[in-house]
Structure formats: structure tokens, C-alpha cells
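Student: I have a model open and would like to learn how to read its features. Could you walk me through it?

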Amino acid sequence: MELGVFGRGLLIGLSIAAPVGPIGVLCIHRTLAEGRLAGLATGLGAATADALYGVVAAFGITAIANLLVGYQGAIRLVGGLFLCYLGLRTFLSSPTERAATAAGQTLLGAYGSALALTLTNPLTILSFAAIFAGAGIAATPGAYDAAALLVLGVLLGSAAWWLILSGAVAALRGRLTGTALCWINHLSGLVLLVFGVLALVSLR
């Protein structure tokens, strides 16, 4: 039973992380620009946010869930503006021919920004609540051990995806020319900007 719950958590974490969104684009860009560790740190920030939302859903912490949903407008406004800023900065940045060595401060910044961006989508909590309820575990009295295993599975499943993605992109980086990296910067910046604008438009 416990292994089955943990396995479901792994699958949930992978399925939530795998779709390409703003964090995926950011992970790819940072891996190309700053190296594999920067991309992985970005992904781990998102994985941490997924786990935090998973905790709220799995343990039925309704006060936090209601607060997040109640203030979703303000939270999404901040997230949308941050995405627009990242998009413009990425679009205007010049690619380097070699990945820079990511210092601790750079890694912490990559982790923190991805964590903040992922947390600025409070509707994610509703997705987790639905998934966990479907798993028959969410907010079930006396099932806290199973809920903890499910959340751990979500964290590790999400982290595994980011490890795979950053590793694959890093392996391809050496084959890309400066011109290709420049186009990738422009495309990544535009995609992030579009995500930011969509987030802002959704507030209307």
C-alpha cells in the first residue's frame, strides 16, 4: 500500500512537471546560458513549490488554500509582471559561447525565482486537491502517513523530471552555435513574455 502511494506520487510529480510552461522554458534557457546546475536549480525551485501545494492539498489545510485562492488576483499580478520582466531580460540578453560556472548566489537566485513563479499560480492548489482526492488520500483522517508519502513522491517525481531535462539540454549545448543560442534567447524571451501577458490579461 505504502509503495503504491509513493509510486502514485512519483507519477503525479512527473505529470505536473513535464508539460512545457514558463518554468520549463526558463529551465532550458538557464541551462543553455549558465550551465546544468543553474537549470537544475530552477527546476528544483518549481519542484519545491509543487511539494508545498501538495502538502496543502494532501493534509486538507483549507485556511491556506482559501487564502491562496482568495488572493489569486494579486498573486497572479505579481507573477505576470515578473514573467514579463524575465521575458524582456531574456530576449535582450546576449548568449555566451560557454556556460558560466554557476556560483552559490546564482544557484540560490535561480531556485528562489522559480519557487516564487510557481507559487504565483494559486489555482495549482485546486489541481492538486482534485488529483489527491482521486487518489483517495487527501484529507482522510488517520491517513497522514500515506499523505506524507504521496507528497514525497510528488517532490521526487517533479525533481526527477527537471534533472532529466537540464541534463538533456546541457548535453546538446555544445552542438549549438552562437547564432542558434541567440535565436533561442529571443524565442525563450518571447515565450516568457507571452505567458506573462496572458497571466495579466486573465485578471480582467
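Student: At what angle do helix 2 and helix 3 pack, and how far apart are their axes?

Tutor: Happy to start there, and please keep in mind that this is a predicted model. Two packed helices are described by the angle between their axes and the distance between the axes. Here, helix 2 (residues 22-34) and helix 3 (residues 36-58) pack at about 160 degrees, and their axes are 6 Å apart. Angles over 145 degrees count as roughly antiparallel, so helix 2 is roughly antiparallel to helix 3.

Student: Which hand does the crossing of helix 2 and helix 3 have, and which residues make the contact?

Tutor: The crossing is right-handed. On the helix 2 side, the contact is made by Ile23, Leu26, Cys27, Arg30, Thr31 and Glu34. Helix 3 contributes Arg36, Ala38, Gly39, Thr42 and Ala46. By class, the residues of this contact divide into 5 nonpolar, 3 polar and 3 charged.

Student: Helix 2 also meets helix 8. How do I read that pair: at what angle do the axes of helix 2 and helix 8 cross?

Tutor: Use the angle and the distance again. The axes of helix 2 and helix 8 (residues 144-173) cross at roughly 40 degrees and come within 9 Å. Angles under 35 degrees would count as roughly parallel, and helix 2 and helix 8 are therefore oblique to each other. Helix 2 passes helix 8 in a right-handed crossing.

Student: Which residues meet there, and how do they divide by class?

Tutor: From helix 2 you will find Ile23, Gly24, Cys27, Ile28, Thr31, Leu32 and Ala33. They meet Trp162, Leu165, Ser166, Val169, Ala170 and Arg173 in helix 8. The division is 9 nonpolar, 3 polar and 1 charged. Ile23, Cys27 and Thr31 are in this list, and they also belong to the contact of helix 2 with helix 3.

Student: That leaves helix 3 and helix 8. How are helix 3 and helix 8 packed?

Tutor: Their axes are 8 Å apart, at an angle of about 160 degrees. That makes helix 3 roughly antiparallel to helix 8. The crossing is right-handed, and the contact has 15 nonpolar, 7 polar and 2 charged residues.

Student: Now let me step down to single residues in helix 8. Is glycine 157 buried or exposed?

Tutor: For a single residue, look at relative accessible area; under 20% counts as buried. Glycine 157 is in helix 8, and with a relative accessible area of 1% it is buried. Leaving aside neighbours within four places in sequence, glycine 157 is in contact with Leu10, Gly13 and Leu14. Its C-alpha atom is separated by 9.9 Å from that of alanine 18, a residue 139 positions away along the chain.

Student: And how does alanine 148 count in terms of accessibility?

Tutor: Alanine 148 is found in helix 8 and counts as partly exposed, at 38% relative accessibility. Alanine 148 also lies 9.3 Å from glycine 54, C-alpha to C-alpha, although the two are 94 residues apart in sequence.

Student: There are two threonines I would like to look at, 118 and 120. Where is each one placed?

Tutor: Threonine 118 is in helix 6, while threonine 120 is in the loop between helix 6 (104-119) and helix 7 (124-134). Threonine 118 is buried at 12% relative accessible area, and threonine 120 counts as buried at 17%.

Student: Which residues does each threonine touch, leaving aside neighbours within four places in sequence?

Tutor: Threonine 118 is in contact with Ile23, Ala46, Ala49, Asp50 and Tyr53. Ile23 and Ala46 are familiar from the contact of helix 2 with helix 3. Threonine 120 is in contact with Ile75, Arg76 and Gly79. Also, a polar atom of the threonine 120 side chain lies 2.5 Å from the backbone oxygen of leucine 117.

Student: Finally, zooming out, how many helices and strands does the chain have?

Tutor: The chain comes to 9 helices and 0 strands. Of its 204 residues, 39% count as buried. To read long-range organisation, look at sequence separation: among contacts with a separation of 6 or more, 90% are between residues 24 or more positions apart.

Technical notes. Residues are numbered from 1 along each chain as its sequence is written. This is a predicted model: local features need pLDDT of at least 70, side-chain atom pairs count only at pLDDT 80 or more; totals for chains, interfaces and linings use all residues. Side-chain values use heavy atoms; hydrogens and water are left out. Axes are lines fitted to C-alpha atoms, for helices over the stretch in contact, and angles run from 0 to 180 degrees between N-to-C directions. Helices (H or I, at least four residues) and strands (E, at least two) are DSSP runs, numbered from the N terminus. Angles under 35 degrees count as roughly parallel, over 145 as roughly antiparallel, 65 to 115 as roughly perpendicular and the rest as oblique. A crossing is left-handed if the near helix is turned anticlockwise from the far one by less than a right angle, and right-handed if clockwise. Contact means heavy atoms within 4.5 Å. Ala, Val, Leu, Ile, Met, Phe, Trp, Tyr, Cys and Pro count as nonpolar, Asp, Glu, Lys and Arg as charged, and the others, Gly among them, as polar. Buried means under 20% relative accessible area, exposed over 50%, partly exposed in between (1.4 Å probe, protein chains only). A polar contact is a pair of N or O atoms within 3.5 Å; within protein, one must be able to donate a hydrogen and the other to accept it, and residues adjacent in sequence count only if both atoms are side-chain atoms.
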